[in-house]
Amino acid sequence: MTTDELTRDLGRAFPADPADLPRLRARLAAAAQRDGILDVAYRTVDSPVGALLLAATEAGLVRIAYASEDHDTVLQALADRISPRILNAPGRLEAPARELGEYFDGRRRGFDLQLDWRLSAGFRRAVLSQLPQIGYGRTASYAALAGLAGNPKAVRAAATACATNPLPIVVPCHRVIYSDGRIGNYLGGPEAKRALLALEAAA
Amino acid sequence: MKGKQPFDAVVARHGDTVLRVCRAVLGPADAEDAWSETFLSAMKAYPDLPDGANVEAWLVTIAHRKAIDVTRAAARRPVPVAQTPDRAAAGADSPGHGLDGELAEAVAGLPARQRQAVAYHYLAGLPYADIAAIIGGTADAARRAAADGIATLRRTYQGAPKAATKAAMKGQPSDH
């Protein structure tokens, strides 16, 4: 037999079955968590506004990303900003996934989750930290939000903070609209923003 | 600045190859432990891996060391449990398993250096210079170890019988 035939047979004699890898990867995630080297755990969840990427550090939920942001790009950004020690490890995201599911079912009006704010700083962070004050089913203007953050004139900066919110939905930037009623931009697209506002209005 | 890709992508890309290599070097009983130890160890060191390093060669290097650890630990263990029943069970629903098992046994019978050189070159696709860095010695010595291993496998493992191939072709329509 030729070496090519032998090489092909070697591949068959030492297989890597498609069923093996998910099991081994789950085992790796558990071991990495145990050893404290799982810097970022992530998973995706389906939702009425499309697939959402959820990522958490040991400190808490650090990122929620819409499919339109491209999840691979978001994971690469997390590797660059936080750490490349990233694994698909649904265990750490159990609470966020459950609470988001309840929210989309109309059974939850606020989130009770540990958040890791490290991806936003300065005035943007001050703006985002005010967002939970805008209650479920209500809206506020960018100007009002700027005021809440302590600088009523910084309307544009407040809008930028919303546009770069690393934790959309849980930190409810979708409740911020223009004073004239226009819905404004949204990271997940205007349709997603409309859908969230409609969900909250109906519940 | 775009730096290292998420470790998850490294596992997705190289997980298969490392598992094959672990199976070839260690056999089925210890392969999954070695795979897990390899990737856990690699993940610890990953932030310090120089950018542009050959990730597959790096992983095989770690797997090689883990395999040595596993082999040493196994040598201290009492008589190992026979693997035959597992193999027979797996063979029931995978045609050709008998031949694959025969080849796996032939590989298991090779001297360690030959088995490693064959696995790292023919399963992981590493060049002999990289293999020499992993198993020691020169690239030429690594190439000879792999060639000797392949020669032994050719003698001890015949592959699919030619007669069976001919029989399978008989049923095909002829152009003539």
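Q: Which helices of chain A do the buried residues of α5(A) pack against?
A: This is a predicted model, in which local features need pLDDT of at least 70, side-chain atom pairs count only at pLDDT 80 or more, and totals for chains, interfaces and linings use all residues. Residues are numbered from 1 along each chain as its sequence is written, while chains are lettered from A and ligands numbered from 1 in the order in which they are written. Helices and strands are DSSP runs numbered from the N terminus (H or I, at least four residues, for helices; E, at least two, for strands). With contact taken as C-beta atoms, placed from the backbone, within 7 Å, the buried residues of α5(A) pack against α6 (142-148) and α7 (155-163) of chain A.

Q: Within what arc do the buried residues of α5(A) fall?
A: A residue is buried if 20 or more other C-beta atoms, placed from the backbone, lie within 10 Å of its own (12 or fewer make it exposed, and partly exposed lies in between). In α5 (residues 122-130) of chain A, the buried residues are R124(A), V127(A), L128(A) and Q130(A). They line one face of the helix, because the directions from the helix axis to their C-beta atoms fall within an arc of 160°.

Q: Which strand gives the most to the side of domain 1 of chain A that touches domain 2 of chain A?
A: An automatic or database domain assignment gives chain A domain 1 (3-104) and domain 2 (122-202), whose C-alpha centres are separated by 29 Å. In the contact between them, 10 residues of domain 1 of chain A meet 11 residues of domain 2 of chain A. With 5 residues, the element that gives the most to the domain 1 side is strand β3 (residues 60-66) of chain A.

Q: How many residues does domain 2 of chain B bring to its contact with domain 1 of chain B?
A: Chain B is divided into domain 1 (1-77) and domain 2 (95-159), and the C-alpha centres of the two lie 19 Å apart. Domain 1 of chain B gives 11 residues to the contact, and the number from domain 2 of chain B is 12.

Q: Which helix of chain B gives the most to the side that touches chain A?
A: The contact between the chains takes 35 residues from chain B and 31 from chain A. On the chain B side, two or more residues come from each of α1, α2 (28-45), α5 (97-108), α6 (112-123) and α8 (139-156). The element that gives the most, with 9 residues, is α1(B).

Q: At roughly what angle do the axes of α6(B) and α8(B) cross?
A: The axes are lines fitted to C-alpha atoms over the stretch in contact, with angles from 0 to 180 degrees between N-to-C directions; under 35 degrees counts as roughly parallel, over 145 as roughly antiparallel, 65 to 115 as roughly perpendicular and the rest as oblique. The axes of α6(B) and α8(B) come within 8 Å of each other, and they cross at roughly 95°.

Q: Which residue with a positive phi follows α7(B)?
A: Helix α7 (residues 128-135) of chain B has D130(B), I131(B), A132(B) and I134(B) as its buried residues, and what covers them includes α3, α6 and α8 of chain B. After this helix comes a residue whose phi is positive, near 90°, namely G136(B).

Methods
Two residues are in contact if their C-beta atoms, placed from the backbone, lie within 7 Å.
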